[in-house]
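Please read these notes with the structure open beside you, and follow each point on the chain before going on to the next.

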Amino acid sequence: MLGTARLRYWAGLVLKVLAVWFAKVLLQKQPIMSTFVDDEIDVIDGVESEDEVDFVEEMRLPEEKKVDDRLSVGSRTYGCKHYRRRCRIRAPCCKEIFDCRHCHNEAKNTNEVDDSKRHDIPRHRVEKVICSLCDHEQDVKQVCENCGVCMGEYFCTKCKFFDDETEKEQYHCDACGICRIGGRDNFFHCDRCGSCYSNALQNGHPCVENAMHQNCPVCVEYLFDSVMDISVLPCGHTMHQICLEEMNMHSQFCCPICSKSTQNMSRVWERLDQEVYLTPMPEEYRQKKVWILCNDCGTTSDVYYHVIGHKCLRCGSYNTRSTCPPSQSRRAEPRPSMGMLPEAIESSVSPNPAQPGRTLAAEMSAE
Ligand SMILES: *[C@@H]1O[C@H](CO)[C@@H](O)[C@H](O)[C@H]1NC(C)=O
C-alpha cells in the first residue's frame, strides 16, 4: 500500500514538472511567432498599423529594447562644427585625435604650423575611432564595442565616415570614391567631368574633362570634395556657388577660366543696345571700326567703335574683346579677360548690382 502511494506521489510530481516545462516552451515561442506574423503583415500590407507596432514593441525581449535605446543615446548632441557624430578619429598621419577630417585639415594648415609640417589627412586610411561617450578607442566600426552606442547613424566603411544627420541623405559614390549628400536618386555620375551632377544636368550639360577635379578659380579650394555648393556654369566650368555670387556682386558675369558669359545675358544686351543707340559717338569716331573676338561664340568680326561696348555680329553678345584683324590673328595676343561689363552697365542696367547675381544663382541651381 505504501508503495502505491509513493508511486502516485512521484507520478504527480513528474506531471507537474512536465506541465511547467510545456508552459515555458510555449511562452518562449510566442515572440518568435509574432515577429513571423509581423513579417507577413509587412510583406502583404507594406505598412504596419500602429496597434501592430505597439504589439510588437510589447512582445520584444527587454534586452532588445535596451540595445536599441543604447544605440540612440546622445544622437546629435556630439560632434563639431562640421558634423554631428558620436566619435572622434585618430589621424593616421600625425596620430593625433580630431573631431573630423576638416578639423584636422584646418588645424594642420594654419599659418602657425610650420610649412613643412602642413598636411591633409588621408581620409581613407583612418583606422581608429574614439567613442565620444565612453572614450574607448577601437577599430573603425559603426557601433562602439565597449558601450554599444551607435557612433554615426550614417556610416560608410569605405570613407570611414560618420554622420548623425541622415536628413542630408548621404550616399557613397563608388566612381567618385567619396560620400556625397543630396540623395543617390537625385544625382548621376558623369565620367567625363569626373563627379556627381544633379539629374537636372543629365541631358546635355557641357562636359568638361575633369571639370570637378580643379580648384575653384576664385578661392582656389579643390572643388571635388568641397563641402560647399558648387555651380556648373553654362560653359561647363565649375566654381563655388558662393564665389560666383561674389563675382556677380562685383558685376563680373564671365567665367574666370574661359570668359564665356556665366548666365543668360540677353536682357542686359538689350539694355546695352539702347544705351549705345542713345549715346552717339562724336563725329570724328563714327566711322572708326575695330576687330572684336566674341568670348561667347568665338566669332571674329569688325564693328563700329563705341565706348559702351562692342556687339558680336553673330550672336549679339557684348562679351567681346578687341582683337587683330583675321589675317594677323596668328600674332594676335588676346588681352587678358577684363571684367567684361564696362562700368556703364552697373549704373544704367541694374541700380542694385547684387540683383542680377541673385537671379543667376537661382537659374544656375535650377538647371
Ligand atoms: C535668355 O532669356 C531670354 C529672355 O530673357 C529668353 O528668351 C531666351 O530663350 C533665354 N536664352 C537661353 C539660352 O536660355
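1. Val 307 is exposed, because only 12 other C-beta atoms lie within 10 Å, and a residue counts as exposed when that number is 12 or fewer. Val 307 sits in the loop between β14 and β15. Although Val 307 and Thr 279 are 28 residues apart along the chain, their C-alpha atoms are separated by 9.0 Å. Please keep in mind, here and below, that this is a predicted model.

2. The two strands that flank this loop belong to an open sheet of 3 strands, which has the order β14-β13-β15 and antiparallel pairing. The edge strands are β14, residues 300–304, and β15, residues 320–322, and each of them pairs on one side only. From one strand to the next, the twist averages 45°. In general, the strands of a sheet pair through backbone hydrogen bonds, and they do so in either a parallel or an antiparallel way. In this sheet, β13, which covers residues 289–294, pairs with β14 in the antiparallel sense over 5 bridges, and the partner of Ile 292 in β14 is Ser 301.

3. Another antiparallel pair is made by β9, residues 187–190, and β10, residues 195–198, which are joined over 4 bridges. In this pair, the bridge partner of His 189 is Cys 196 in β10. The two strands form a hairpin with 4 residues between them, and Gly 194 in the turn has a positive phi of about 80°.

4. Positive phi values also deserve a look in residues other than glycine. Asn 210, which is not a glycine, has a positive phi of about 55°, and its place is in the loop between β10 and β11, the latter being residues 230–232. Asn 210 counts as exposed because it has 11 C-beta neighbours inside 10 Å. Val 220 lies in the loop between β10 and β11, and its phi is positive too, near 65°. Val 220 is exposed, since there are 10 other C-beta atoms within 10 Å.

5. Which residues of helix α5 are buried? In this helix, which runs over residues 241–249, they are Leu 244, Met 247 and Asn 248. These buried residues cover an arc of only 100° around the axis, and therefore they lie on the same side of α5. The general background is that an α-helix has 3.6 residues a turn, so residues three or four places apart point the same way. After α5 comes Ser 251, whose phi is positive, near 60°.

6. Is Cys 131 buried or exposed? Cys 131 counts as buried, because it has 22 C-beta neighbours inside 10 Å, where 20 or more are needed. Cys 131 is placed in strand β3. If residues up to four places away in sequence are left out, Cys 131 touches Arg 86, Cys 87, His 136, Cys 144, Asn 146, Cys 147, Val 149 and Met 151. With Cys 144, the separation is 13 residues in sequence and 6.4 Å in space, taken from C-alpha to C-alpha.

7. Cys 131 also belongs to the largest nonpolar core, which has 18 residues; Cys 87, Ile 89, Cys 131, Val 149, Met 151 and Phe 162 are the members that touch the most others. The strands β1 (87–90), β3 (128–131), β5 (154–156) and β6 (161–163) each supply at least two residues of this core. Apart from it lies another core of 10 residues, among them Cys 193, Ala 211, Leu 223 and Leu 244.

8. For the chain as a whole, there are 8 helices and 15 strands, and 22% of the 367 residues count as buried. Among the contacts with a separation of 6 or more, 43% are between residues 24 or more positions apart.

9. Finally, the confidence of the prediction should be weighed. The mean pLDDT of the chain is 80, and 74% of its residues reach 70 or more. Among the elements, helix α8, residues 354–366, has the lowest mean pLDDT, at 30, whereas strand β4, residues 137–139, has the highest, at 97. Over residues 29–50 the pLDDT is below 50, and this stretch has 10 contacts in the model beyond near neighbours in sequence. The pLDDT also stays under 50 over residues 332–367, for which the model has 49 contacts beyond four places in sequence. Where pLDDT is low, the predicted coordinates should not be read in detail.

Methods. Residues are numbered from 1 along each chain as its sequence is written. This is a predicted model: local features need pLDDT of at least 70, side-chain atom pairs count only at pLDDT 80 or more; totals for chains, interfaces and linings use all residues. Two strands pair if DSSP finds at least two bridges between them. Axes are lines fitted to C-alpha atoms, for helices over the stretch in contact, and angles run from 0 to 180 degrees between N-to-C directions. Two residues are in contact if their C-beta atoms, placed from the backbone, lie within 7 Å. A nonpolar core is a set of buried Ala, Val, Leu, Ile, Met, Phe, Trp, Tyr and Cys residues joined through C-beta atoms within 7 Å. pLDDT is the predictor's confidence in each residue, from 0 to 100. The arc is that of the directions from the helix axis to the C-beta atoms.
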